[in-house]
Amino acid sequence: MTALKEGETGVIVSIEAGSGRGRCCGKGFHKRLIDMGLTPGTEIAVVKSAPFNGPIEIYVRGFRLALGRGMAERIIVEARR
Amino acid sequence: MSGKKLRIALAGNANVGKSVIFNQLTGLHQHIGNWPGKTVERAEGTLHFKGYTIDVIDLPGIYSLSTLSLEEVISREYIIMEKPDLVINVVDASILERNLFFTLQLIELGAPLIIALNQIDVAERKGIKIDYKRLEEILQVPVVPTVAIRGKGLHELLEKAIETIEKGFSNQITIRYGEEVEERIQRLEGVLKNIGLKYPIRWVAIKLLEGDEYIEEEIREIKPEIPDLARSLAEEIERIHGHPCPTVITSERYEVAGRIAREVQRILPSIKPSLGERIHNITTHKIMGYLIMVLVVFGVLLTIFGFGGYLSNVLSDLLYGFEPLFESILGFGPLKDIIWGGLIEGIIANITIALPYIIPFYLILYILEDSGYLARIAFLMDTLMHKIGLHGKAFIPLMLGYGCSVPACLGCRIMETERERLIAGFVVTLIPCAARTVVIMGLVGTYLGIGWALTLYIVDLMIVLILGRLAFKILPGEPTALIMEMPDYRLPHLKTAIKQTWFRLEEFLKISFPLVIVSGMLIRIMEISGVLETISYILSPVTVSWLGLPEISGVLLIFGVLRKELTLVLLETLLGTTNFQSALRPIQMFTFTLVVILYVPCIATIASCVKEFRWRKALAITITEILFAILVGGLAYRILLILNLLE
């Protein structure tokens, strides 16, 4: 997801299971992402990236979501042109 | 007006206007506390309607009923175990699909339900029109459109609620999943049928497939083979779909929610970006956003501490004006010292800290949070806050900490998990508040120069960073990551803001009043009976030998627990002069101030820690900080000696 530029859209392919080390992505967060509606097949649009490697703002299912970058990196999306 | 008693629970996602509905319904009859044994806020209120006395309970705002966050477990347990007569599901009409996802889970839970379709005005402005009658038909749940901030539809909501309760419940719909999932749900339902569950069977079956640890645990106690069966069934689903089973079920549930949403809503393409949209773009802009944030934060600090400081002074001048009166009644003996010095000064401390700072603080925090701006600050500050193992939202309490630790500590409740709240709480108490600034400036700034005062601030900031990281490593739990909805900007509801401020203040005073008064009197009594000197003597191995301070500092540090600036005030009283150089050598001034900054949060802060984290953790924070201050103070003393500085 982090490879998408601002304004680009994509479809979620999968969320890589986290190993639980580093900044993010234990089992709980994986679940939380899914519950927020980031299920495979969902279309998302990257709205904005915060500076200094900050979180990414995406638009999904009619609302805005801010995701920490470490987490966003694990969300695999297929870019739509 | 006795009538029959009813219990109604409000449930819904975060940011849907739930607390506004709660406040509109319950008026002034409310009570804000914590859930038993939890640090999650519990708001309860009563209202009278059509001869009924209705208890309304505001369940914590949640995203779904399956992830195991504290809020969610609380809500779900309440609905299942306490069996409220009705659950009002507050739904944000402008984000229907995601809100329906939660509604579907409530339906699966078998909760007696009606829906408040809130913020229909916002939805309409976004070009969304909802056929709520159709929604009613599909879900077989009564739906009442509302605009809570203007009180629209709330009377109808109550009428519908009573009507629904009186009528009793008709069968609700079953949410159907895909064939592969459905087949396995039914198999599980089969084995769950006769084991006497307190939960709806189908719900348990679904939760087991979703790998809900909490439910698994419970079923395992009754029949251990069922969770095992569920796991193998879940694996089958994973093999078929290529995704983990919980993901599959959630996807399908979202699909149902999406299908319903599409069927009942008509979306007109919006003509131009709304005002909120434009504000959002500016406030998250990589240059403008930070500029605005600095201005807002500055404004907030100025309001809280400028206004608060002013009011605090006025109040304290006013209240201390009564001292001669007490002197004339009680004389100058120990009785006056105990009554005035302990009891009344305790009350004064409470009034001068609590009212001037906490009221504007709670108001502003609510407005920041409810308007949606807090989420933008968190967005901008996330990277920086990660350095201490927290995410962006922690910036607010941290900033507040430079003014007063009390609101800072209370502000930690904006963090989502207990762990984050605790780390934030720990960190903010170490930040030099206004009272500590008095000591820093009055002692180090005046006698050693501004450079040394600045050094103290920098040392403190480094300590905060290091300890924050350390706490982040040590405390169990998942590392922090930001997953945060950025709700549309909206005007906060002032009446709700004021009421919430009032009830939270009440809750705070209930804890802090007794604590401050009792400890104040205790210390005074110790002083009069001469125990304090003995304690000073007992403490001298630490204060004199380790920290290199004069013996008198033991007394000062004990008094500083009441209010940190008292350390300086008392020193002045004991010396009979403000020329502190006669009592403290430069190196002692530095060490002493460093210890004062770190050693223990003041009693009001401890009270707010107790409110937020309960006794055990508040004590843990306090003791850790005392030990830590002694350690750092002693080390600093020795380093300065070795470097031959300040002698």
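# Two chains, one shared sheet

Ile15(A) has Ile75(A), in S5(A), as its bridge partner. This pair belongs to a predicted model. The briefing starts with chain A, moves to its contact with chain B, and ends with two helices of chain B.

**Chain A at a glance**
- Chain A is built from two helices and five strands.
- Read from the N terminus, its elements follow the order β-α-β-β-β-α-β.
- Chain A has 81 residues, and 52% of them count as buried.
- Take the contacts in chain A with a separation of 6 or more: 62% of them come from residues 24 or more positions apart.

**Strand pairs inside chain A**
- Strand S1(A) covers residues 9–15, and strand S2(A) covers residues 43–49.
- S1(A) and S2(A) run antiparallel and are joined by three bridges.
- Within this pairing, Val11(A) stands opposite Glu43(A) of S2(A).
- Thr9(A) stands opposite Ala45(A), also in S2(A).
- S1(A) also pairs with strand S5(A), residues 75–80.
- That pairing is antiparallel too, and it extends over six bridges.
- Ile15(A) and Ile75(A), the pair named at the start, are bridge partners here.

**A sheet across two chains**
- Which strand of chain B does S4(A) join? S4(A), residues 63–67, is linked to S10(B) by three bridges, and the two run antiparallel.
- Leu65(A) faces Glu485(B) of S10(B) as its opposite residue.
- The outcome is an open sheet of six strands with antiparallel pairing.
- Its order is S5(A)-S1(A)-S2(A)-S3(A)-S4(A)-S10(B).
- Which strands stand at the edges? S5 of chain A and S10 of chain B do, each with a single partner strand, so one side of each has no neighbour in the sheet.
- On average, neighbouring strands of this sheet are turned by 40° against each other, direction ignored.

**The contact between the chains**
- How many residues does each chain give to the contact? Chain B gives 31 residues, and chain A gives 35 residues.
- On the side of chain B that touches chain A, four elements give two or more residues: helix H3 (96–108), helix H11 (245–264), helix H16 (373–386) and strand S10 (483–485).
- This side of chain B has 14 nonpolar, eleven polar and six charged residues.

**Helix H19 of chain B**
- H19(B) spans residues 418–428.
- Is it mostly covered or mostly uncovered? It is mostly covered, with nine of its eleven residues buried.
- Among the buried residues are Glu420(B), Arg421(B), Leu422(B) and Phe426(B).
- Gly425(B), Val427(B) and Val428(B) are also buried.
- The buried residues of H19(B) pack against four helices of chain B: H17 (395–401), H18 (405–411), H21 (450–474) and H27 (603–642).

**Helix H23 of chain B**
- H23(B) has 16 residues, running from 531 to 546.
- From its first C-alpha to its last, H23(B) reaches 22 Å, close to the 22 Å expected at 1.5 Å a residue.
- Where is H23(B) kinked? The kink lies at Leu539(B), shortly before the proline Pro541(B), and is about 60°.
- After H23(B) comes Gly548(B), which has a positive phi near 70°.

Key
Residues numbered from 1 in each chain as written. Chains lettered and ligands numbered in written order. Predicted model: local features only at pLDDT ≥ 70, side-chain atom pairs only at ≥ 80, totals over all residues. Expected span 1.5 Å × (residues − 1). Bend = angle between axes of the 7 residues up to and from the residue. Contact = placed C-beta atoms within 7 Å. Nonpolar A, V, L, I, M, F, W, Y, C, P; charged D, E, K, R; others polar. Pairing = 2+ DSSP bridges. Buried ≥ 20, exposed ≤ 12 C-beta atoms within 10 Å, placed from the backbone. Axes fitted to C-alpha atoms, helices over the stretch in contact; angles between N-to-C directions.
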